[in-house]
Amino acid sequence: MADDGTILIGKSEKPEVLLLKLANRHGLVTGATGTGKTVTLQVLAEGFAKHGVPVFAADIKGDLSGIAAPGNSKPPFVKRAEELGLKYEPDQFTTVFWDVFGEQGHPVRATISEMGPLLLARLLDLNDTQEGVLNIAFRIADEQKLLLLDLKDLRAILSFIAENAQELTTKYGNVTSASVGTIQRALLVLENQKGDLFFGEPALDINDLMKTDRDGRGIINIMAADKLMANPRLYATFLLWLLSELFEQLPEVGDLDKPKLVFFFDEAHLLFNGAPKALLTAVEQVVRLIRSKGVGVYFVTQNPLDIPDTVLAQLGNRVQHALRAFTPRDQKAVRAAAETFRQNPKINTEQAITQLAVGEALVSTLEGKGSPTMVERCLIAPPMAQVGPITPQERAQCMRDSGFTGKYDTMVDRESAYEALIKRKGMNADGSPVEASTEGGGGILDTIGGWLGGTRERPKTGPGSRGGPLPQSMTEKIITSAARSAATSIGRQVGNAILRGVLGSLTGGRR
């Protein structure tokens, strides 16, 4: 690595470097499986960290965790360093491990509100109609000041919508029980896949990803994604959410001497596969504009064709490892990859892509005023940290030393939409009926009668309460009157039993 504001990627006839001041113009690392993409990612991450730039990267196979341990001077790395005119010096980097499931790193959470209806619809694979219902749920929660923090909050507001669909239709549009049922079923599937661990509080503070260590080096944040990949849609949605949060929360800073954060998105094709147009537009906008927030985004995938053209055009720094060309489709992919580079008359780019050895790549980076250099075939520099996974004991030690122990480990469940809606039904948070009170006459029975008859305002239940009368049907009047009469004549014990029946009837009557 040079000390002149550059990161050494490798060497052709000359050193191939990445200019830090242009590193926020984003980048792309591509190549077939086993050609060295992860090593290139590690070389770049080490280079950024040495210059004081924090890094966030997803670790698909667990191999990237080795960046937390010193390199072991393997002969191939020592030889490669000598070929590049470098001295191999083992190094290690301050690393913080994160994990949505809280098993191999500190838990990462987001609230339902932060995720928003667009990303949630993508995560749940909803159609346009179902996404519309989800938008209604968010709108009503916002108007009613109901906090949507976790999955049970979203389930509760959806149930509320289903129970009051007839009254809500004139204001928000048609809501069918089938659409609500489909969303609820999708949420159940997500919950069974442990996706519920991701939604809740304390939510991740993105400032915790943008720290340096005591030596001024950027801290490398590693997201354990080997188990997360069992649900690729959750993986892609999480990374897009994180990118969107960075875009929304960070201030405009213009062009800096070096990025404030560099974000590596491995297996990037998962973000775009089957994505609706609205989502692709959102991704394009974020990638285009997040540069001015001082954030560089680097996509890592097998083929440039995995990235939509509108996004690909934003990626100025490129490293292309070998691609195979055994079929006509493969040959088309190789041709397309070759066409993304600024051509070098000394190199047959299309032919070179199929001939690259492991540890070799075609490289083109931005220079001067942002124009790409001509493509060069080069040897990739060796990482100075360990290549390959660290042990569980070493990972546990990194977690103890991270400074985040206790901040994210325990989930907090404060009062939100679920609790507020339960209280409106006269139920406790565990679903049991609130006991009748002898104070003020009829207690909970009078309260319910007041709601239905319009003679009493709803009780204030905190952020999610609503005031005002609720219309009463003749059937509900009869049920309420009968229950109150029974409670008076045969005693509190029987009256409470009938009360439970009343609450069940009212709940069923509103569906």
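The following exchange goes through a helix contact, a salt bridge, a pocket and a cavity in a predicted model.

Colleague: How are the axes of helix α4 and helix α6 oriented with respect to each other, given that they cross at roughly 95°?

Modeller: The axes of α4, residues 128-143, and α6, residues 165-172, come within 12 Å and cross at roughly 95°. Angles of 65 to 115 degrees count as roughly perpendicular, so the term that applies to α4 and α6 is roughly perpendicular.

Colleague: Which residues make that contact, and how do they divide by class?

Modeller: On the side of α4 the contact is made by I136, R139, I140 and E143, while α6 brings L168, K171 and Y172. Sorted by class, the residues of the contact of α4 with α6 include no polar ones, and they divide into four nonpolar and three charged.

Colleague: Which parts of the chain are linked by the salt bridge of R25 and D255?

Modeller: The structure holds 20 salt bridges, and in one of them the side chains of R25 and D255 meet at 3.7 Å, N to O. The two residues are 230 residues apart, and the pair links distant parts of the chain. R25 lies in the loop between β2 (15-19) and β3 (27-30), and D255 in the loop between α8 (232-249) and β8 (261-266).

Colleague: Which element gives the most to the lining of the second largest pocket?

Modeller: The second largest pocket holds about 410 Å³ of space and is lined by 23 residues, with G34, K37, T38, K61 and D63 lying nearest its centre. By class, this lining has seven nonpolar, 10 polar and six charged residues. At least two residues of the lining are supplied by each of α1 (37-50), β4 (55-59) and β9 (295-301). With five residues, the element that gives the most to the lining of the second largest pocket is α1.

Colleague: How many nonpolar, polar and charged residues are in the lining of the largest cavity?

Modeller: Among the four cavities of 30 Å³ or more that the structure holds, the largest has about 60 Å³ of space. The largest cavity is lined by I9, L18, G27, L28, V29, L44, Y298, N317, R318, V319 and T365, and β3 and β10 (317-320) each supply at least two residues of this lining. Divided by class, the residues that line the largest cavity are seven nonpolar, three polar and one charged.

Technical notes:
Residues are numbered from 1 along each chain as its sequence is written. This is a predicted model: local features need pLDDT of at least 70, side-chain atom pairs count only at pLDDT 80 or more; totals for chains, interfaces and linings use all residues. Side-chain values use heavy atoms; hydrogens and water are left out. Axes are lines fitted to C-alpha atoms, for helices over the stretch in contact, and angles run from 0 to 180 degrees between N-to-C directions. Helices (H or I, at least four residues) and strands (E, at least two) are DSSP runs, numbered from the N terminus. Angles under 35 degrees count as roughly parallel, over 145 as roughly antiparallel, 65 to 115 as roughly perpendicular and the rest as oblique. Contact means heavy atoms within 4.5 Å. Ala, Val, Leu, Ile, Met, Phe, Trp, Tyr, Cys and Pro count as nonpolar, Asp, Glu, Lys and Arg as charged, and the others, Gly among them, as polar. On a 1 Å grid over the protein atoms alone, a cavity is a set of points where a 1.4 Å probe fits but cannot get out, and a pocket is an open set with protein on both sides within 12 Å along at least five of seven lines; lining residues have an atom within 4 Å of a point. Grid points are joined across faces, edges and corners, and a volume is the space filled by probe spheres set on the points. A salt bridge is a side-chain nitrogen of Lys or Arg within 4 Å of a carboxyl oxygen of Asp or Glu.
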